[in-house]
Structure formats: C-alpha cells, structure tokens
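Take a walk through this protein with the model open beside you. We will stop at a few places and look at each in turn.

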Amino acid sequence: MSKPSNTPPLPKDGERNILITSALPYVNNVPHLGNIIGCVLSADVYARYCRLKGYNCIYICGTDEYGTATETKALSEGCTPKEICDKYHEIHKEIYEWFNISFDKFGRTSTNSQTEIAQDIFNKIKDNHYTLTQEIEQLYCEQNCKMFLADRFVEGTCPHCKFEDARGDQCDGCSKLLNPTELINPRCKVCSKPPIIKSTKHIFIDLPQLQQQVDQFVERNSKDGNWSENSIAITNTWVKGELKPRCITRDLKWGTPVPLEEFKDKVFYVWFDAPIGYISITAEYTSEWEKWWKNPDNVNLVQFMGKDNVPFHTVIFPASLIGSKDNYTLLNNLSTTEFLNYETGKFSKSRNTGVFGDGAKATGIPSEVWRFYLLNNRPESSDSIFSWDDFNFKNNELLNNFGNLVNRVLKMLNTNTTFNGVVPKIGELNDLDKKLVQEVDEHLVQYFQRLEEISLKEGLKIAMAISKLGNTYMQDNKPWDLSGKDNERCGQVLAILINLIKLLSTLLEPYIPSLTDKVHQQLNVEPTKYSTHFDVNAIPAGHEISKEILPLVKKIEAEDLKKWRTKFSGIGPEFPIDMKIATVLEVNDHPSAENLYVIKLSLGGDVTKTAVSGIKANFEKSQLIGKKLAVVLNLKPSKFKGVLSEAMILVVDDGQATKESLSFLVPSNPQSIEAGSKIAGKGMSIKPKPTIDYQKEFLHYDLTCIDKIISYNKTQLFINQNEPLVSEKIGNGKVR
C-alpha cells in the first residue's frame, strides 16, 4: 500500500496534496550511510506514510550531474562527464533500489527539461531586473589550457595549514573553505602549470532586491513548516542583515548553458541550477508537472536534506522562484538532519572508512536491518555515530521485540491442533484485552502526531513500543499454558495478537517495508492503509494464515561483526614505500658512467628530484621526456660515480635481458594523474619508512606484475586509491 502509484498522481482540490523531494545526491561518488539517512531514506519513510494515509503525494529525486566536481571526476577517470554521469547514476539507482526507496521518479539533471526550465526561470529573473553582471578576478591557465579555472580545477598550498594539495574551494587538510586566489603556488589541475589572475564577467542574482520577499517567505514558512532550530539559525546567517548578490554562472563546459550570446561559453552555477532539477525531474515524470509546481494554494512542498544544504533551499532556490514572478510552489516543510559519522572517523571511499551503499549490500545483511538501524539513529537534532556494537544491538531489538513476536504467535496458531492456522473467534473482551486495546490506541494517537510532524525516529520508537505491549500481553496471558485447558481463551489471545501483528505491519511499513511484506505473506493478507484505532477483528475469524512461517530477522554472529568492523575501519595494512608519480623533465648522460642517465623529475609544484638510473641501454632520451612514471623516494640516498640519486625509477623486468625487457610503471590514464600523486595498495594506509635499504629490504618486498597489474603483497596498487598503476608494455615480471 505504500508503494508509488502506477500512474502519476495529480493534486486534487480539497485534499492533502504533498510534493516530497530529497536532496539530489551528487553523481560523482557512491552514497554512504550518512548520505542515505540524510535525505533519500528519510523522505522515503514520509512518502510511504503519506500514501498509507491516503494523501495525494509524489516523491521526486535524482542525481545532480552538472558542475565542477563532475568534470574533475571525469578528468581523473579518463572519460567524458556524460560517461561519468551515466556510470554513477546507475550506481545510485541500484543502491536505492536495494534499500527499497520508493521514488515516484528518480531522474537526473542532465536533460532537455532541465535546460528548458532553468533557462526559462533565468530569463524571467533577468527580465524582471533581478540580475546584474560584475567583473571578478579569477585564475586563468595561460600557458596550456587557455581557460578560466573553476574552483576545483585549481590546487595549491593551503594558506592556513600549508597542506600542499588543497583544492580551490576547500582544504582537505584543515577543512577550511577557500577561494582559488587564496592558494599559495596555485596550479592548474589539468596541466599542473601555474595560472595567472585575469578578470572575467559573470552574472549574479541580485538578492538585495529580493530581500524583503525572501524575509517574508522565511518568516512565514519557517513557522508554518516546523523548520528545525538549526535550519532557522543557518538560514538567518544569510537573511538577517543584508543579502549579497550571488554569482550564478561558472566557466565550465558541463552544465546548463547560459542563454545569452555574451555568456555563451559559461554555464549556470550548480547551486542555482541543481534545485531546479526537482522541477525538471517532475516534468520528466508527468507532462502536467505545473499542477504540482505552480499550485501553491493546493500543494505542500516538503523537502528533506542534510544541514549543509539548507541555505540553498531556504534562500537561493526560493529567491530564484520568487524572482521569476511565476506562481511557483515554494518550500513549506523542511526536514533536515545533522551528520552521521562513522566510528573510526569521517566516511571516505578512498580510505575505505565507513559503510557505503555497495558495502552494506555486500555484507549480506538485509536492507530492512540497515533501514531499521539508520532510522533509529537518524541524527535529527545532533550528530550521531555509526557503531557496529549499536548496529548489533538494534538488530537484536528488531529480532527480539517484533521478529520473535510474529514468529511465536503465528507458529503457535499453526501448531495448535485446535486451530490449525485458522484465526479463532473473538468473544467479549476481558480487562487485560481492554487494557491492551486502550494502550495501543493511545500510542496510535502519538504515532500519527509524530509522523505528521515528520519526527520519524519518534514514530519508529512508538511503533516498537506497541510491539512491546504485544509481548507483555502475551507473557501475561501465557497462551501456551491455556492450550488444552481453556481453548476459548487461548484462541482469543492468539486472535488479538494476530490482529495486533497486522496493525504493527502497517505501522512499520514505512520503515521496513520488505520485512512487513513478509509478515503480510505469512498472515496471508494484503497490506492495507492505516487504521486510526486497534481493530481486534481486522482479520476476521475463520481466516487461515500461511503454513510457511519463517524467522524474519537473524542474529548477527560475533565473528561477522569483527570482520566487518575491520573491513570498513579504514585501518588497512601499511604501505611502507614512499611511491609517487613523477614527470620526467630532463635526461642527461652521466658525466662519469656511460651506462647511466641522470634524470630530473618533477613531483608537482616546484618540487624536483634527481634519479640516477641504469636504463640507458633500454630507452632513448626522447622516450623519457614528459613521461609520467612511478618512482620511490624513501630509498637510502646513494651516490653513483659522484652524482647523488634522490629517487629511483621503478621498472618491470621480464628477466630476458633484452632491450625490450624493461617496462615503466605508469598510470593507466596518464592525462588524469598529476605529478606528486601518491601510490599504495588498495585500502592500505601509507606509512613510509624513514629510509629503505635497496639490497636488504626493497628487493625482498613482494612487488609483482601479473597481466600488467602491479601488486604489493597480492594487493593491487592504485594512484590516489582510484587510478590503477600498470606496466606500460610488459605483461609479467619482477618490479625493481
């Protein structure tokens, strides 16, 4: 009953019409548990609740596909932005399907509908004189790329903590937000050349002109829509005082084009463009999308997101719609979450820290257990932490409270020879029966109040409290003792419990729908909409339940918990070699040794090293200049005929002692990798030894090349944990 309709629902006059969105997940990575509970799962619970209440509702989401992050991800993976979006859209879609997220439409922002609607809104804002243009100073790659560099296309040294690989928008070392022009020794991410500062013209939305209307919107809707205190506080940091013009264009190719000849080489900034995706995805879902999005008197817009997305949904997006002067449906109810962190630190796919959607599926633990845990720990008012001990505790709660209640009652009804799986008749209720019905009805009032308030965690707690009432009632009445002594009373207790289980299955359906589907199958009934009271005759006497009663929830074994804790801890084996990608700048003959080269290597920025290498018999100088290859930087420094070698160029040796017997270790996609990029085994923590003796240590490391794949201790080596390190030519051999 909580699944989406087969045909797009439309608003109806005089009824509850609810338009639900969850923050569009960015397309350049795999969603982790914090992402999932922060928006899509929370919105799914509310959407299922609305359907069970009989409200007209649609749930809209999709991948946010435009912007700098997509272009830089495509650069790192050596493909086009479109290919990146196609790849990760499918990854997101598969993960959400496994988590049983019931979107009415899960779309994407890289569509014609997005272009048409975003450009229409912009043109109307412009025609209404709510835009302006300004010259801004921006970094420009003059030497090679001949383009202005958006924030993530710039890297350099952080001015605050001196971290050398800070991005133009934020430093991963100290987490401080940055402007690209603040970086020390900035470099272009594409070619590593230092950019210059150059003026360029951009379009701004003139928020000061919209200040009064935005203030009124925030004042009215934050109260009526029950926004959280934190959401109001975040919004007020923008609107209290004076709003400032906000730049809405970027110098990129991948995005919604600006429909002006003067700005034909620019696209809309993602935080102007992306929220319009809710509208365009709805337009992809139904041609009558305006009945949802241009119908503020009849439609209630409810949006779910993490706290970091708040100002773009409470200020920028509403201001854009207000500025268009179309009659758009604006945000009413806002449901935000704080952050869910992992027990060993921040979620990080590259560091293998924390559980991501694909990792959750790979554990073999059913999705309903993950949903139950996440919704119990939904960070509604403060940050929360995922821990495996708590995960196990919540699994046991689901098992012992609800799972065992269902299993015990249904098995007892089936195995009792008096009833043989047929629901007995209920006679006059005694005091214990009436007490249960009264307590359940009192809890139902609270349940519906909490769900109407979108207090999802409290709603789940109330449903589980009702399940606990059922367990207490069963213990107080002991139907196993009544069997054969007072079959009439035994039958009445079981019939009441059967109907309580039916009620619980409906209450829990928004939270754990695949599990409640199993309960309905075992009860041999169809799911139904909510009942506002406990009807002890909802499943009538004479109804026969299924003969196949199976456990709903399984215990998690201690050894599995230990295995998963280790697997997702980010604490992998240590990689002792300081191995990086270097670019060959110069190659000279050794002044005193005819079989050696003296090679100057760039490690990014102004960092260079000298390598003395015995590869002269195998490679011409012209084969080396400009090549990106793997080097080792923590070998014990050695002098070769008076020349100090600070680095060692790695090669694969097939052992045949021919001119073609050596092959360099290179990125599988050199264009996407910068000099200075770190190399290590997948999931390994990089902890280089201060120095390594080549003869005594390095030659004994298990570094191999099999089918061009480079491995250390049978673990494949990656550059920046995502780009494979491979042999350029030779398929198999020893790395030295």
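Start with N185, and keep in mind that this is a predicted model. N185 counts as exposed, because its relative accessibility is 51% and the cut-off for exposed is over 50%. Find N185 in strand β8, which covers residues 184-188. Its backbone deserves a look too. N185 is not a glycine, yet its phi is positive, at about 50°.

N713 also has a positive phi, near 50°, and is likewise a residue other than glycine. Look for N713 in the loop between β30 (709-712) and β31 (715-719). N713 has a relative accessible area of 41%, so it counts as partly exposed.

Now turn to helix α1, residues 33-53. This helix has 21 residues. From first C-alpha to last, α1 reaches 28 Å, close to the 30 Å expected at 1.5 Å a residue. Follow the helix along and stop at V40. There α1 bends by about 35°. Is α1 mostly covered or mostly open? It is mostly covered, with 19 of its 21 residues buried. Just after α1 comes G54, with a positive phi of about 85°.

Next comes a sheet. Strands of a sheet pair through backbone hydrogen bonds, either parallel or antiparallel. Here four strands form an open sheet, and their pairing is antiparallel. The order is β5-β4-β9-β10. Why do β5 and β10 each have one side without a neighbour in the sheet? Both stand at the edges, β5 at 147-148 and β10 at 246-247, and each has a single partner strand, so one side is left free of a neighbour. Now look at β4 (residues 131-141) and β9 (residues 196-205). These two strands pair over ten bridges. Within this pairing, Q138 stands opposite K198 in β9.

Finally, look for enclosed space. The model has two cavities of 30 Å³ or more. The largest holds about 60 Å³ of space. Its lining includes A23, D64, W271 and H313. By class, that lining has six nonpolar, two polar and one charged residues.

The second largest cavity holds about 30 Å³. It is lined by R246, C247, I248, Y269, W271, F272 and I316. Which elements give two or more residues to this lining? They are β10, the edge strand met above, and α7 (270-273). By class, this second lining has six nonpolar, no polar and one charged residues.

Methods
Residues are numbered from 1 along each chain as its sequence is written. This is a predicted model: local features need pLDDT of at least 70, side-chain atom pairs count only at pLDDT 80 or more; totals for chains, interfaces and linings use all residues. Side-chain values use heavy atoms; hydrogens and water are left out. Two strands pair if DSSP finds at least two bridges between them. Buried means under 20% relative accessible area, exposed over 50%, partly exposed in between (1.4 Å probe, protein chains only). The expected span of a helix is 1.5 Å times one less than its number of residues. The bend at a residue is the angle between axes fitted to the seven residues ending there and the seven starting there. On a 1 Å grid over the protein atoms alone, a cavity is a set of points where a 1.4 Å probe fits but cannot get out, and a pocket is an open set with protein on both sides within 12 Å along at least five of seven lines; lining residues have an atom within 4 Å of a point. Grid points are joined across faces, edges and corners, and a volume is the space filled by probe spheres set on the points. Ala, Val, Leu, Ile, Met, Phe, Trp, Tyr, Cys and Pro count as nonpolar, Asp, Glu, Lys and Arg as charged, and the others, Gly among them, as polar.
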